[in-house]
Amino acid sequence: MRSHERMGFRPTVLAVALAAAFAPVLVTPVFAEEKAPEDKSVEASVEAGFGAATGSRDDRALFGQYNSLSNGNAFGLLLGFDYSLRRPETNTWVDAFGRDLGGPLREAGVVWKQPGEWKVGASYSEGVRRDPFVSVPPGTGNETQFQTKRTALGLNLSKSISRDLQLEIDFRHENKEGSRLFGRGFTCPSTVAPGCGPTTGIAVGWAVLMQPEPIDSTLSQVDARLSYANGPLRLSAGYYGSFYRNSLSVLATAAPGSALNAVGTPLPLVPGLAAILAQPIALPPDNQAHQLDVTGTWDFGHANTRANFRFAYGVATQHDSFAGAGFTGAPAGVASLDGKVTTTLAKIGLTSRPVAKLSLQADVRYESRDDKTPIALYNIEGTATYTNRQLPYRKTSGKLQGSWQFSPEWRATAGADYETIDRGTFTPTSAANGITALRQDTHEAGVFAEVRRRMTESVSGAVKLSTSRRGGSNWLRDNSGVGVTEVDVSALPAGSILMPTLADRRRDKVKVFADWQASDAVALQVAVEAGRDHYDQLAGYGLGSTGMDSVSVDGSYAINDNWNTNAFVTWGRQTLNQAKPLGYVMALRDASITAGVGVAGKLTSQWEVGGSVALVDDRTAYRQTLDPLAGADSATLLAAIGGLPDIAFRQAALKLFANYKVDAKSSVRVDFIYQQSHWNDWAWGYNGVPFTYSDGTTVAQKPSQNVAFVGVVYRYRFK
């Protein structure tokens with residue numbers, strides 16, 4: 001819950017509507033928080049205005065995802081207020097606010113308090129998210145734009161019981177309703193559906209169907225905390241509870257009589273496929289979680305030494321009835337999953353400065369997650385039977401580092417960290433189809449070093465190097481319902497692909513940061529980071545390596561006391577190299593650059609103006625070759641299409657504002673935004689042809705979108 005403490009006059013609600021633009025405003029006016037003079041008890045403001053956008057609904061799909069400007073409505077009211085009442089005779093304050101009261105992002109709240117003694121608050125908020133994609137069922141021409149609406153109520157209470165003891169309780173209740181883009185599909189033949197045949201010249205054996213997911217759920221959260229502070233001890237005991245309720249338990253589905261084949265011709269479904277596609281889909285079930293924790297610190301009073309600790313215990317459960325949701329076929333005597341997971345957490349740390357130049361830090365953390373969900377026979381595939389699988393998890397990590405202050409300017413830090421994960425014993429009656437092997441234990445150790453030059457007259461900076469290695473126990477081959485067999489990696493079949501989260505890995509990273517304060521008017525910050533992950537895979541198959549590089553430069557220049565400018569540019573690149581046996585070898589590269597420049601200042605004592613220009617360019621490229629053992633059909637296809645096309649997103653945004661101070665109590669602000677966006681993703685459309693589900697439903701959004709927005713707000717202050 002948001003607590004609005006002693007509110008000054010905040011940014012106008014227009015800022016909420018403008019936040020829909022992806023590129024950030026580079027320069028905005030900054031006002032110091034205003035406080036009422038001692039002889040004034042009431043301070044308030046009201047604001048009213050409007051916002052209007054150009055273009056069609058399709059042009060506003062990206063711009064209006066989180067406001068009312070994407071559903072065909074190009075006009076909206078901007079209403080808000082602030083109110084603050086102080087009563088010196090009782091030392092009590094009342095603060096209230098309202099934001100975007102004429103739009104879909106309404107927010108309001110009130111806080112009543114006696115500083116240092118007690119506080120009571122309440123808040124209400126709404127939010128709407130509209131999917132930028134529009135779907136059109138076949139033969140109807142009716143366009144559907146999915147949306148999700150959230151409404152939330154928050155309550156807050158805090159009370160100082162004594163000088164050493166304080167209680168705080170927060171409650172939040174959120175309702176979420178609407179629908180989102182969703183679908184289902186199946187490909188025949190399959191080991192889990194032996195009666196489902198493959199595609200033929202007269203019938204299709206696969207289908208992907210549009211199936212919107214309905215949403216109608218609530219989430220309630222309670223956070224209560226009792227804090228104690230006296231002398232060297234700081235102690236906090238808390239309870240957190242989460243309660244999720246879904247009014248919809250199942251998504252009923254229906255299979256079409258025919259489906260489009262690979263070239264868009266409608267054909268009947270192969271026998272058995274319709275029954276599979278018509279099976280109901282379970283929606284998120286009701287669940288709840290509870291956690292108790294104790295957190296604190298202890299100052300030893302010598303050698304600048306402090307200990308910190310945290311202990312927590314949590315229980316998460318799920319007991320939704322299968323029959324109540326409309327599902328049949330559960331194992332005999334099993335009415336629900338009866339899921340239960342308990343989590344235990346312990347963390348202890350120590351910081352110390354034994355001598356003036358030396359600082360030490362050490363901590364250890366242990367987390368145990370026990371899955372106590374009952375085992376039952378849920379899967380029957382012909383003569384094979386499988387149960388569900390319990391997923392225990394135990395993680396222990398530690399860190400030790402020391403810093404030495406060589407001089408007032410130079411400081412060096414070195415350290416080591418360690419992590420081990422035990423995933424428990426594999427449930428022998430379960431199965432892990434489609435996975436070459438599993439691993440019970442992994443462990444990772446790393447070292448790092450940093451040299452930092454603290455600010456002298458104008459320059460400061462730091463260089464950090466780190467490296468780590470991950471290994472683990474022998475691999476476990478799944479025996480499909482009769483346990484696993486432990487094998488060395490060399491005993492795995494040729495062409496095996498190991499899970500990246502379990503495979504041996506080498507990680508190396510370097511970070512460089514510099515801050516140059518050339519003068520009181522000029523400042524420049526530069527950050528460079530690079531990292532590489534290398535995975536040990538059999539015969540070079542699977543995920544081989546990943547990389548991450550980034551460079552950012554951010555500068556500001558104060559022209560004079562009334563005008564300032566800033567600019568930034570950020571470049572980033574991510575790479576991924578992987579290979580599939582008898583298939584494709586892919587080098588994926590995602591590169592993005594974001595740049596902008598802005599200026600703001602005062603023309604006169606009454607006029608304040610500013611603006612910014614920001615650019616975003618993001619491109620994902622797929623570079624594909626073939627495994628030498630790949631078939632001739634794969635080679636023919638790759639030669640014909642040249643591989644997957646690039647995915648690109650580009651956006652440019654111009655933002656201008658002007659604020660005119662009419663008099664001491666009133667002002668008028670005008671904001672203007674012009675945004676151009678271009679989006680091209682082959683997964684959702686190619687060469688102007690939108691993505692088409694097997695039932696003929698299309699999903700698309702306009703590739704190039706242009707929108708202009710103007711907002712005008714009048715503000716009046718009361719004192």
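## Around Ile421

Setting aside neighbours within four places in sequence, Ile421 touches six residues in this predicted model: Tyr393, Arg394, Lys395, Gln440, Asp441 and Thr442. Ile421 itself belongs to strand β24, which covers residues 410-422. If you look for Thr396, you will find its C-alpha atom 6.6 Å from that of Ile421, although the two residues are 25 places apart along the chain.

Is Ile421 buried or exposed? Its relative accessibility is 8%, so Ile421 counts as buried; the cut-off for that word is under 20%.

## Strands β20, β23 and β24

Staying with β24, we can follow its pairing to other strands. β24 pairs with β23 in the antiparallel sense, over twelve bridges. The connection between β23 and β24 is a hairpin of four residues. On the β24 side, Ala412 is the bridge partner of Trp404.

Trp404 is a handy landmark here, as it also helps to place another strand. Trp404, in β23, stands opposite Leu358. Strand β20 (residues 358-371) runs antiparallel to β23 (residues 393-405), and twelve bridges join them. A good way to trace this region by eye is to begin at Leu358, cross to Trp404, and go on from Trp404 to Ala412 in β24.

## A sheet of four strands

Another place to visit is an open sheet made of four strands, in the order β6-β40-β39-β38, with antiparallel pairing. Which strands lie at the edges? They are β6 (134-136) and β38 (685-686), each of which pairs on one side only.

Inside that order, β39 (residues 689-692) and β40 (residues 698-700) run antiparallel and are joined by two bridges. To find this pairing in the structure, look for Thr692, which stands opposite Thr698 in β40.

## The disulfide

How many disulfides does a search of the whole structure find? The search finds one. This disulfide is formed by Cys188 and Cys196, with their sulfur atoms 1.4 Å apart. The link between Cys188 and Cys196 is right-handed, with 70° about the S-S bond. Both Cys188 and Cys196 are buried.

## A nonpolar patch on the surface

Turning to the surface, there is a nonpolar patch of about 770 Å². The residues that make it are Val42, Val46, Phe50, Phe75, Leu77, Leu79, Phe81, Tyr83, Leu101 and Phe718. Two elements give two or more residues to this patch: β1 (42-53) and β2 (75-87). Of the elements, β2 gives the most, with five residues.

Tyr83 is one of the patch residues, and it lies in strand β2. Tyr83 has a relative accessibility of 31%, so it counts as partly exposed. Residues need over 30% relative accessible area to be part of a patch.

## Salt bridges

The whole structure holds 28 salt bridges according to the search, and a few of them make good stops on a tour. One of them joins the side chains of Arg163 and Asp164, at 3.6 Å from N to O. Arg163 has a relative accessible area of 80%, which means that it is exposed. Another salt bridge links Arg306 with Asp299, where the closest N and O atoms are 2.5 Å apart. Arg306 is partly exposed, with a relative accessible area of 38%, and Asp299 is partly exposed too, with 25%.

A further salt bridge brings together the side chains of Glu529 and Lys509, at 3.8 Å from N to O. Glu529 sits in strand β31 (residues 522-535) and Lys509 in strand β30 (residues 505-516), so this pair ties together parts that are 20 residues apart in sequence. Glu529 counts as partly exposed because its relative accessibility is 21%. Lys509 counts as partly exposed as well, at 30%. Elsewhere, Arg150, Arg172 and Glu174 are joined into one network by salt bridges that share partners.

Definitions and conventions. Residues numbered from 1 in each chain as written. Heavy atoms only, no water. Buried < 20%, exposed > 50% of the residue type's maximum accessible area, 1.4 Å probe, protein only. Contact = heavy atoms within 4.5 Å. Disulfide = S-S within 2.5 Å. Pairing = 2+ DSSP bridges. Patch = residues over 30% accessible without salt bridge, like charges linked within 9 Å, V, L, I, M, F, W, Y side chains within 5 Å. Areas by Shrake-Rupley, 256 points an atom, 1.4 Å probe, with all protein chains shown as cover. Salt bridge = Lys/Arg side-chain N within 4 Å of Asp/Glu carboxyl O.
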